[in-house]
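Biologist: I'm new to reading models like this one. Could you show me the structure and let me quiz you on the words people use for it?

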Amino acid sequence: MEHIDLGVWDYDTVSNTFTVSDAWRQMRGVDRAEQINVPNDEWLNSVHPDDREKLKAVFRGQVEGNSKSIVIQYRHRHKEGHWVWILCRASVMATDDEGRPLKIVGTDTDVTHVKARENDLRELTGKLQLAIAASGMGIWEFDPCTSQVHWDDKLLEIYGITDGQNVRSEDLWETYIHPDDLAKTVAHTEACRKSESDINCDFRIVRPDGSIRHVRSLARSVARPNAESKLIGVNIDVSEDYFRTQELELARRQLEHDSRHDALTGLGNRRKLNEMTLDLFNRLGRTDAYVVMHIDLDHFKRVNDTLGHAAGDHVLAVVARKLMDLCEDTADVFRVGGDEFTVVFETRPSDQELERICEAMIRSLSEPARFEGNDCTIGASIGYAVGQGPPVNTSEIFVNADTALYAAKYAGRSCFRAYSREMEAAFCQFENARQDLIDAMANGQIICYFQPQYDAHTLEVVGAEALVRWRCPDKGLLTPDKFLPQAIEADLLPDIDEHVLRYVTQTQDEWAAQGLLYPRISVNISKARLDADSLVEQTRDVLQNHHLITFELLETAFLDRIDTQLAFKLDALRDMGIRIELDDFGSGHSSIAAMQVVKPDGVKIDRSLVEPLTTKPSQLLTLRSLAKIARLEGAAITVEGLETGIQLAAIRDLDCDALQGYTLQRPMPAIEFAALLAKNGMCQQQA
Ligand code: C2E
Ligand code: MG
Ligand code: MG
């Protein structure tokens with residue numbers, strides 16, 4: 001016994017002696033020399049307090065003869081201070097006649113390490129149970145020998161089963177699987193069982209209350225000695241993950257869609273167009289022909305400016321719908337810019353068919369769109385190009401369609417053109433003309449002539465209108481009708497207006513340097529210049545206190561609504577000392593409604609209203625009515641275009657302030673106007 005580390009003890013109740021072996025002592029770190037007493041209260045003090053009472057009771061019971069043999073585990077304090085787990089087995093070896101024990105012999109085993117392992121195991125099991133509970137896994141176990149499955153409570157909960165039946169027949173599970181997932185799931189499970197590989201699949205279940213959940217099933221077969229393998233598996237309710245993934249997928253798809261579509265019209269955007277055409281080019285055979293069509297809306301900006309952005313948006317949405325309806329299945333429509341659309345025909349329609357489509361588009365788009373009681377009228381210019389086979393240069397077809405579009409616009413808008421090589425020459429010409437104008441400004445060829453304006457009563461010079469001229473080295477002096485249409489086409493009109501203002505202020509500086517007392521000079525301001533965001537800043541940049549400037553607003557026919565941005569601009573200009581006048585008053589270019597919006601300091605009655613005076617004296621009545629309207633708004637009145645003495649005589653009775661016309665003076669170069677001023681005594685010396 002000593003050899004197998006068993007501590008042996010012997011208790012003689014007659015002599016009341018307690019004898020222990022060396023191993024008993026070693027277990028507890030007790031020295032050989034130390035006397036071991038009969039287990040008494042003092043001895044029990046070195047037993048763990050939690051085990052003390054139990055040990056005492058068992059030992060007493062044996063000494064009193066109640067039990068022949070006992071087995072007990074308790075903790076005994078080692079001499080070094082730590083606890084030693086003792087497994088004690090004791091038997092009564094001899095008794096007296098009354099059955100009271102005379103001799104009890106026991107063996108003690110140090111089971112501390114076993115206890116530690118048991119403890120570790122208990123801890124691990126606890127952790128595992130916690131983890132399983134937290135994971136929400138339901139566990140099942142299938143024994144093929146009994147064809148029964150054990151479902152734990154969590155699994156029953158996942159399946160919405162409330163009968164508490166943990167042991168269930170093998171095929172019951174299948175009755176819960178969603179009919180659409182049943183075949184696939186059963187096939188997978190069967191295949192895994194056959195090959196003894198792990199089951200791993202997702203499927204839907206229908207709970208008894210009809211609700212649908214997404215379940216992930218994982219299972220493995222576990223080999224057993226002398227029996228067919230068991231299947232152990234878990235089910236996890238992954239519905240929330242599934243729904244979240246589904247939502248994420250939807251959001252991802254939405255983002256993907258948004259990045260390729262225009263939010264306003266729902267049409268594909270430029271990115272989508274690029275992808276679509278690249279795909280098309282890859283699919284094209286050598287003889288396959290296709291068409292790219294560019295559509296640009298005419299006067300769209302006007303709708304935006306006069307009726308507001310909501311009206312503009314409405315018009316774009318209507319245009320998109322019309323284009324889609326017209327193209328039906330024959331082509332794809334894209335919105336590639338503010339008011340620019342592209343249509344791609346993967347298969348080339350016949351020339352007649354293309355013409356028919358273009359005509360239908362122009363007709364349909366020029367029909368006014370109603371918005372909040374207003375008619376929004378726009379037009380459309382179309383250019384298209386035909387391509388054949390995979391292109392060497394993928395952007396060429398788009399450039400060609402653009403060239404054709406430009407040709408349509410140049411031909412007067414609201415029409416269509418098919419690309420041709422000759423167009424390119426025309427386009428080059430346009431580009432050259434544009435560059436020529438830019439160069440002309442830089443080289444000082446764009447100048448002004450000044451047409452004097454006279455006081456209607458005293459006929460003194462009270463002002464002049466600056467009229468732009470191009471002193472062209474090849475063609476001589478060009479009037480605005482020779483180059484402003486090209487400037488408009490090339491979007492250079494605002495630049496020309498700015499250039500003219502600089503020219504006029506510089507000229508006033510020169511006149512001031514010559515000691516001349518110059519009058520107010522009127523410069524013409526186109527609608528495009530008035531709309532430019534930079535107008536106020538650039539004017540402030542140029543203007544100094546001594547400059548005397550009037551802005552004649554052209555094309556004011558569309559200024560018939562209060563526009564806060566315009567009001568702000570006009571106020572800022574007036575703060576700089578600029579007078580504001582409406583040009584061409586009474587003609588189609590200027591409206592009476594614009595009076596209310598602009599509240600001009602003056603108006604210029606248009607030449608077209610003055611001209612009939614020569615033959616029709618009653619025209620004076622029309623002029624009088626116009627003058628009255630202007631006066632009601634407190635505006636000064638200039639009559640322009642007085643070409644003949646008859647006209648001049650006729651307006652003598654008209655209530656107006658200033659006169660301008662060939663019969664008084666033709667437009668003249670700055671130097672001549674300066675001479676006129678000097679001749680009229682407008683010099684500082686004389687003042
Ligand atoms: P507008 O502003 O109404 O200028 C008056 C035009 O009438 C000038 O023509 C002037 O020479 C012409 N005119 C003056 N008196 C008579 C007359 O008795 N009989 C006739 N038949 N014509 C007369 P111009 O210089 O050819 O300018 C034409 C138009 O070009 C201007 O009309 C104006 O709309 C535009 N324009 C001129 N300069 C500029 C400019 O600097 N910027 C802008 N945006 N437009 C300008
Ligand atoms: Mg004018
Ligand atoms: Mg005018």
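Modeller: Here is a round of questions and answers on this structure, which is a predicted model.

Biologist: Okay, what makes the chain more spread out than a compact globule?

Modeller: Its radius of gyration is 52 Å, while the globule rule gives 26 Å for 687 residues. The value is well over the rule, so we call the chain more spread out than a compact globule. The C-alpha atoms fill a box of roughly 170 × 70 × 45 Å along the principal axes. In that box sit 23 helices and 28 strands.

Biologist: Now the metals. Why are E465, N524, E552 and D583 called donors of the magnesium ion (ligand 2)?

Modeller: A donor here has to be an N, O or S atom within 2.8 Å of the metal. E465 (OE), N524 (OD1), E552 (OE) and D583 (OD) coordinate that ion at 2.0 to 2.2 Å, so they pass the cut-off. Along the chain, their spacing reads E-x58-N-x27-E-x30-D.

Biologist: What makes E465 and D583 a pair that ties together separate parts of the chain?

Modeller: E465 lies in strand β20 (residues 461-472) and D583 in strand β24, so the pair ties together parts 118 residues apart in sequence.

Biologist: And how do you know that E465 and D583 are buried?

Modeller: Buried means under 20% relative accessible area. E465 has 3%, and D583 has 4%, so both count as buried. For the whole chain, buried residues make up 44% of the 687.

Biologist: What makes D583 a bridge?

Modeller: D583 coordinates both the magnesium ion (ligand 2) and the magnesium ion (ligand 3), and these ions are 3.9 Å apart. For the magnesium ion (ligand 3), the protein donors are D583 (OD), D584 (OD) and E640 (OE), at 2.1 to 2.4 Å. D583 and E640 are 57 residues apart, with E640 in the loop between β26 (636-639) and α22 (645-650).

Biologist: Last one: what makes a set of residues a nonpolar core?

Modeller: Its members are buried nonpolar residues joined through side-chain atoms within 4.5 Å. The largest such core here has 79 residues, and W511 is among those with the most contacts inside it. Leaving aside neighbours within four places in sequence, W511 is in contact with residues including F450, I521 and F673. A second, separate core has 35 residues, among them L297 and M361.

Biologist: Why would such side chains sit together?

Modeller: In soluble globular proteins, nonpolar side chains tend to be buried together.

Conventions: Residues numbered from 1 in each chain as written. Chains lettered and ligands numbered in written order. Predicted model: local features only at pLDDT ≥ 70, side-chain atom pairs only at ≥ 80, totals over all residues. Heavy atoms only, no water. Donors = N, O, S within 2.8 Å, 3.2 Å for Na, K, Ca; no water. Helix = DSSP H or I, 4+ residues; strand = E, 2+ residues; numbered from the N terminus. Buried < 20%, exposed > 50% of the residue type's maximum accessible area, 1.4 Å probe, protein only. Contact = heavy atoms within 4.5 Å. Rg over C-alpha atoms; globule rule 2.2 N^0.38 Å.
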